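Please look at the chain below before reading on, and keep it in view while you read. The report moves from the chain as a whole to single residues and the links between them.

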Amino acid sequence: MVNILTILKNNKMKLIKSIAVCIFILLVQSNLFGQAEVLKINVSGKVLEANGDPIVDSNVYSQVDEVSTTSDSDGNFVIEATVGSTLVISAQGFEDAYTNASNDLNNITMMAADQVNVPFRTLDKDNLPAGVSSVDMSELITKNYITYSLSELEGFVGGYNGNSLWGYSNALVLVDGVPREAGSVLPVEIDQVTFLKGVAAVTLYGSRAANGVIMITTKRGVNDDISIRSRLNTGIFVPRRYPEYLGSAEYMTLFNEARTNDGESPLYSEEDIYYHASGENPYRYPDVDYYSDEYLRNAYGRQDGTVEIFGGDDRTQYYTNIGFFSAGSLLDVGRAQESNRTSRFNVRGNVDMKINDYVSARVNAAAQYYYGKGINSDYWGGAASIRPNRFAPLIPTSFVDPTDAVSQDFINNSENIIDGQYFLGGTQLDPTNPIASAYAGGTSVFNNRQFQFNTEIKADLGNVLEGLSYTTIFGIDYSASYSLSFNHQYATFEPIWNTYSGTAQISQLNKYNEDSRTGEQSSSGRSFRQTMAISGVLNYVNKIGTSHNLSAALVVGGFSQTNSGQYHRTANANIGLLMGYDFRNKYFAEFNGAIIHSAKLPEGNRDAFSPTMTIGWRLSEEDFLSDVSFLNNLRVYASAGILHTDIDIDGYYLYDEKFDQTGGFWFTWKDGLQNQSTDAERYANPNMEFPRRREFSAGLDATFLENKVLFNGNWFLSDQTGLLVQNNVLFPSYYRQFGYPESNFLPFVNYNENRRTGFDFRLNYLETLGALDINVGLTGTYYTTKALKRAEIVEDDYQIRQGTPLDGIWGLESQGFYADQADINNSPEPAFGEVKPGDIKYVDQNQDGIINVQDEILLGKGGWFGAPLTMGLNVTLKWKDFTFFALGVLRTGSVAMKSNDYFWVNGEDKYSAVVRDRWTPETSATATFPRLTVGNGANNFRNSDFWLYSTDRFDLSRVQFTYDIPQSVFASGFVKGMQVYVNGANLLTISKNREILELNIGSAPQTRFFNMGVTALF
């Protein structure tokens, strides 16, 4: 240590000089390096789409220099930036791109982000607001060919159950921004379907959107050479199930039993029953099965074809769709064999035009012509009601006694001798029937024509304010329907039979009606609808640096629909405001508001402001989750708002008093003089207000495991408040007078309240195992409803509707059957008429000794807004050029009532197979159907849990196998690609009550559909 100090002391001056030199050198180096770090250059480049098209108004930002610029109409930009610094390039609808500043910068290609159409704008799929889901229809239809625009989409998105959005039915359907029917556009025309479920998502559309919105966006052209895609399909519909009715002999036997049960003598003799059962003469002893192959086909066909033409350049893009379909009918009798057919022809043209660097336009036009031809006969209604023994529809003329001149004249003069050998059968009670009408009743043609047109003009106002634009949309639709008919009258004949020398013959014919064909074509059912929609949107989207994303929109819009037979148009008008902000794609906030106007409210209350707010947080961008390797994205959000609406106000002027003259007359004391009374229908309410939808919802988006697992979920609580009601409980009893004439001074007031709560989710799993691509999707929607507020006075608490489901089914609680007269005598007295052993016995809920409507209780949920729980499972497996797709849908949680004539068999109804399990003294221990009666059965045939059944079901809705023919097959020919596929729909139902769920009564049966098709791209 001493030696070191001595050395330092002796070389003091040298050491000081050395340190000074080092400091100088460091300062020089620091200055030189500092000059290198701040060296700036003018960086020029070009921003392009993947197909080479320039991207206009992309934002180029230097993180180091905190300066930005935008690309011009050719995608070019120039920015002064530090050499080597990071440039961030962003553009609406594209994923951000990154590059380093240099003199030899290459073209920058940006990849399109998944875009979803939302009100008056598009958003990245990862940044959707609360309560929004979408389906890429153009992608879906390549593996799942469907013929209706919303078919089974509940299997792909949460919140939609096929009937409602978050439990609200009758959603507003918009096709390219104009209110239209979902069936007015075919799936092959559609690019995307967006479901707007929450109030924050629909506010900008105003009052008419209060039940949710389904946005359908049609396809558009592309900047590419012309392409033609053609599609041909042919398929068959096969009935799933027909009703089962008793044959003549069994019906007649049981009808006699019903009469005996009621103390009446049998109507049919044993001999008649025997001959009807023998089948030896079905014309004299008919046993008509309207569901047999004598009148129905085993299947019927459907064919369709579509041609799509699309392409364009950098200034104009176009898309054209021309389609046609035709379908037959199951009916195979009379003129229905060739007449019953439906057809539709449609054509669509969508054009996008770049007028100049600042103005662009879109024009959409579509036309549809629907043509349905059929016989003038309600065949399915007759098949479900006409008893099999009533008459033979066709009877050979050879049975008519040749010596009966009157009958022979009837035959010779008839215009409707079928195939030259059958006349039309009937009776005095059945002078017409479906089969006779199929031959002689004439035909009708239903025509529907629709024309749709909308145009959009967009102006880039970036010269005024960067990111500012203006868009105006105008649409007008016309729809007209009418029927043209040849209504023919025809005669039917009732044969009077006898047996002559052991041979059956007709000794006499009784004629009902006359044959008449005027040749005049009548027109009926004329209706029309006109829709006009217009909106103007001032839009602002800008990115300040890399951290601040701003968006705003001012919307003025509305629409009106004029319908035939309605004095007032259906109208919607509102002014909307949107303001959004997100910080570094991490923190989000968005405000939506609308000023609603409605003429259904009294003056002074016709305008209301509807505010909504959404906030979001992308947790996956936070440092505390940066080390979670399996998490790719995690975003939570919450939304709350109030939407005023008039869609629950059923009519105009309900706020005003109304008086009318009664339909009858009152006699005065003076002979011959009559006076008409003036009756009150309602009193005025000048304080009537908008009903409101108040809502809070929260959601979560997440992706895991290198984006292999995707999840979206939402929870919602939604209240309807201020619903209009005319309720006598809220006012003195003398405000309403019952009897004739009825007077009502009750005003409509805002009182009732409803609640819907629930959740929805969507889960997808994507995996690749060698050459096998796997995509499995699971969706779910669950909701409950509750009557939050009601004005009611009931004697028993169990009948209070407040607090119960809106779709509640109410009825009596059954206790089996009355065993005998002693059981009846010892039971509460039924108030619905006389009962006998074998009738249904009910629980006396209030113990008052009487069974009446005061004993009805809540039996279950009717699922009026769709099943309380709906889940969908879709599976896509792709191996090389083969694709397998399957879709299953589960619906559970609701019940229904077996209340049609197939189950409530009384009087002279047609007997279905269910009566075989009727109560008799011998079957009292096993019977599942009450005793038969020819009366009205008022005690038995009313709502009760006896007739209740669960509608829980799982449906294998769709299966499709697709093969993509390799391109090498076509070499360098004009065919660019081809698909062939086979698919089926409504293939399987798994349910405890499958036989009931598959049954249609009084209408055409449910069907399975089997199809094969081919798609070619040229």
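What follows is a description of a predicted model, beginning with overall values and ending with individual side chains.

## The chain as a whole

The secondary structure of the chain comes to 12 helices and 56 strands, and the C-alpha trace spans about 155 × 75 × 70 Å along its principal axes. Of the 1018 residues in the chain, 49% are buried, while the accessible surface comes to about 48200 Å², with 54% of that area belonging to carbon and sulfur atoms. If one takes the contacts in the chain with a separation of 6 or more, 70% of them are made by residues 24 or more positions apart.

Charge can be described in a similar way for the chain, which has 79 positive and 115 negative side chains. The centres of these two sets lie 7 Å apart.

## Salt bridges

How many salt bridges does the count come to? The count comes to 43 salt bridges, and three of the pairs are set out in the table, each with the distance between N and O atoms.

| Pair | N to O distance | Separation in sequence |
|---|---|---|
| E152 and R958 | 2.8 Å | 806 residues |
| R529 and E181 | 3.4 Å | 348 residues |
| E767 and K708 | 3.2 Å | 59 residues |

In the salt bridge between E152 and R958, the closest N and O atoms are 2.8 Å apart. This pair links distant parts of the chain, since E152 is in the loop between α3 (137–140) and β11 (164–165) and R958 is in strand β54 (residues 953–965). Are the two partners buried or exposed? Buried means under 20% relative accessible area, so E152, at 17% relative accessibility, counts as buried, and R958, at 11% relative accessibility, counts as buried too.

The salt bridge between R529 and E181 has its closest N and O atoms 3.4 Å apart. Because R529 lies in strand β28 (residues 522–544) and E181 in the loop between β14 (178–179) and β15 (190–196), the pair ties together parts that are 348 residues apart in sequence. E181 has a relative accessible area of 42% and is therefore partly exposed.

E767 and K708 meet through their side chains in a salt bridge with an N to O distance of 3.2 Å. Here E767 lies in strand β42 (residues 749–769) and K708 in the loop between β38 (692–704) and β39, so that parts 59 residues apart in sequence are tied together. E767 counts as buried because its relative accessibility is 16%, whereas K708, at 27% relative accessibility, counts as partly exposed.

Salt bridges can also join several residues, and R240, R241, R994, E998 and R1008 are linked in a network of this kind.

## Charge on the surface

Where do D72, D74, D313 and D314 gather? These residues gather on the surface, in a patch of negative charge. Within this group, D74 has its place in the loop between β3 (67–70) and β4 (76–82), and at 43% relative accessibility it counts as partly exposed.

## Residues with a positive phi

Two residues may be examined for their backbone angles. Y653, a residue other than glycine, has a positive phi near 65°; Y653 is placed in the loop between β33 (631–644) and β34 (658–661), and its relative accessible area of 42% is why it is called partly exposed. N986 is not a glycine either, although its phi is positive, at about 55°. N986 is found in strand β55 (residues 977–990), and because its relative accessibility is 32%, N986 counts as partly exposed.

## Positions in sequence and in space

Two further residues show how a separation in sequence can be set beside a distance in space. S733 has its place in the loop between β39 (709–725) and β40 (736–737), and its relative accessibility of 65% means that S733 counts as exposed. S733 and S598 are 135 residues apart along the chain, and their C-alpha atoms are separated by 32 Å.

A405 is placed in helix α9 (residues 405–413) and is partly exposed, with a relative accessible area of 48%. From A405 to V555 the separation is 150 residues in sequence and, C-alpha to C-alpha, 82 Å in space.

Conventions: Residues numbered from 1 in each chain as written. Predicted model: local features only at pLDDT ≥ 70, side-chain atom pairs only at ≥ 80, totals over all residues. Heavy atoms only, no water. Helix = DSSP H or I, 4+ residues; strand = E, 2+ residues; numbered from the N terminus. Buried < 20%, exposed > 50% of the residue type's maximum accessible area, 1.4 Å probe, protein only. Patch = residues over 30% accessible without salt bridge, like charges linked within 9 Å, V, L, I, M, F, W, Y side chains within 5 Å. Areas by Shrake-Rupley, 256 points an atom, 1.4 Å probe, with all protein chains shown as cover. Salt bridge = Lys/Arg side-chain N within 4 Å of Asp/Glu carboxyl O. Lys, Arg positive; Asp, Glu negative; His and termini not counted. Charge placed at Lys NZ, Arg CZ, Asp CG, Glu CD. Contact = heavy atoms within 4.5 Å.
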